[in-house]
Amino acid sequence: MKTCLKTLKLLALSLLLIATSSHATPLQEFKSDSMHQLLQSQKGKAFVLVVWSLDCEFCQASLATLGQSKKKNKYVRVITIGTDSILDEQNASLMKQKLNEFGLSKDAWAFGEEAPERLRFSVDPKWHGEMPRSYWFNEKGERTALSGVIKTDDIQKFFRQQHQAK
């Protein structure tokens with residue numbers, strides 16, 4: 001009986017932790033018209049937009065690097081778009097967990113119910129789905145698209161240039 005009560009208490013505590021952590025990191029559903037909204041919210045600011053997936057090891061490395069840089073430099077702005085469906089509760093929970101782990105839970109989006117091809121096209125009509133994919137936006141809204149792992153030097157160089165341009 002004591003073991004059963006202990007198990008129930010642990011289960012209740014686990015559910016409470018999951019519930020509070022899911023509220024701590026709200027993911028926004030990315031729709032085909034979300035890119036416009038996202039860009040408007042960052043108008044006049046330099047930032048990196050990273051498209052990633054849970055099963056992409058190189059994406060995880062890029063997110064870790066961005067998270068470390070963001071902790072060290074207040075001027076580093078990062079927005080993430082997960083290509084895993086936000087409608088799948090397990091995926092959504094894992095994405096939130098990863099983003100929290102990397103310190104990138106703010107400005108986090110994940111693909112919604114529309115076809116992934118349509119959502120990729122709305123991010124960049126020239127993008128064919130390779131990851132990690134990042135977009136480096138300067139304060140004028142001009143962007144540079146890059147495929148591949150993001151390195152600390154890339155981040156520092158980009159944001160230093162933006163900071164010096166002021």
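Visitor: What does it take for two strands to pair here?
Guide: This is a predicted model. Two strands pair if DSSP finds at least two bridges between them. β2 and β3 pass that mark, pairing in the parallel sense. Their count of bridges is five.

Visitor: Which residue of β3 does W52 stand opposite?
Guide: Look along the pairing of β2 with β3, which runs in the parallel sense. Across from W52 in β3 stands G82.

Visitor: Which helix does the chain pass through from β2 to β3, and what is the hand of the crossover?
Guide: The chain leaves β2 and reaches β3 by way of α3. This β-α-β crossover is right-handed.

Visitor: How many bridges join β3 and β4, and which residue of β4 stands opposite I81?
Guide: β3 pairs with β4 in the parallel sense, over three bridges. Together with α4, these strands make a right-handed β-α-β unit. Opposite I81, in β4, is W109.

Visitor: Are the two faces of β3 covered or open?
Guide: In a regular strand, side chains alternate between the two faces of the sheet. On one side of β3, V78, T80 and G82 are buried. On the other side, I79 and I81 are buried. Both faces are covered.

Visitor: Which helix gives the most to the largest nonpolar core?
Guide: The largest nonpolar core has 24 residues, and L27, V50, L66, L104, I155 and F159 have the most contacts inside it. Elements that each supply at least two residues include β2, α3, β4 and α6. With four residues, the top giver is α4.

Visitor: What is I155 in contact with, leaving aside its neighbours within four places in sequence?
Guide: I155 is one of the residues with the most contacts inside the largest core. Its contacts beyond those neighbours are T65, L66, S69, V76, W136 and I150.

Visitor: How many residues are in the other core, which lies apart from the largest one?
Guide: Nonpolar side chains tend to be buried together in soluble globular proteins. Among the residues of this other core are F47, V123, W127 and Y135. Its size is 15 residues.

Visitor: Which cysteines form the disulfide?
Guide: The structure holds one disulfide. Its sulfur atoms are 2.3 Å apart, and they belong to C56 and C59.

Visitor: Why is C59 called buried?
Guide: Buried means under 20% relative accessible area. C56 qualifies at 10%. C59 qualifies too, because its relative accessible area is 0%.

Visitor: What is the hand of the disulfide between C56 and C59?
Guide: Take the torsion about the S-S bond of C56 and C59. It is about 80°, so the disulfide is right-handed.

Methods
Residues are numbered from 1 along each chain as its sequence is written. This is a predicted model: local features need pLDDT of at least 70, side-chain atom pairs count only at pLDDT 80 or more; totals for chains, interfaces and linings use all residues. Side-chain values use heavy atoms; hydrogens and water are left out. A nonpolar core is a set of buried Ala, Val, Leu, Ile, Met, Phe, Trp, Tyr and Cys residues joined through side-chain atoms within 4.5 Å. Buried means under 20% relative accessible area, exposed over 50%, partly exposed in between (1.4 Å probe, protein chains only). Contact means heavy atoms within 4.5 Å. A crossover is right-handed if, with the strands pointing away from the viewer, the path from the first strand over the helix to the second runs clockwise. A disulfide is a pair of cysteine sulfur atoms within 2.5 Å.
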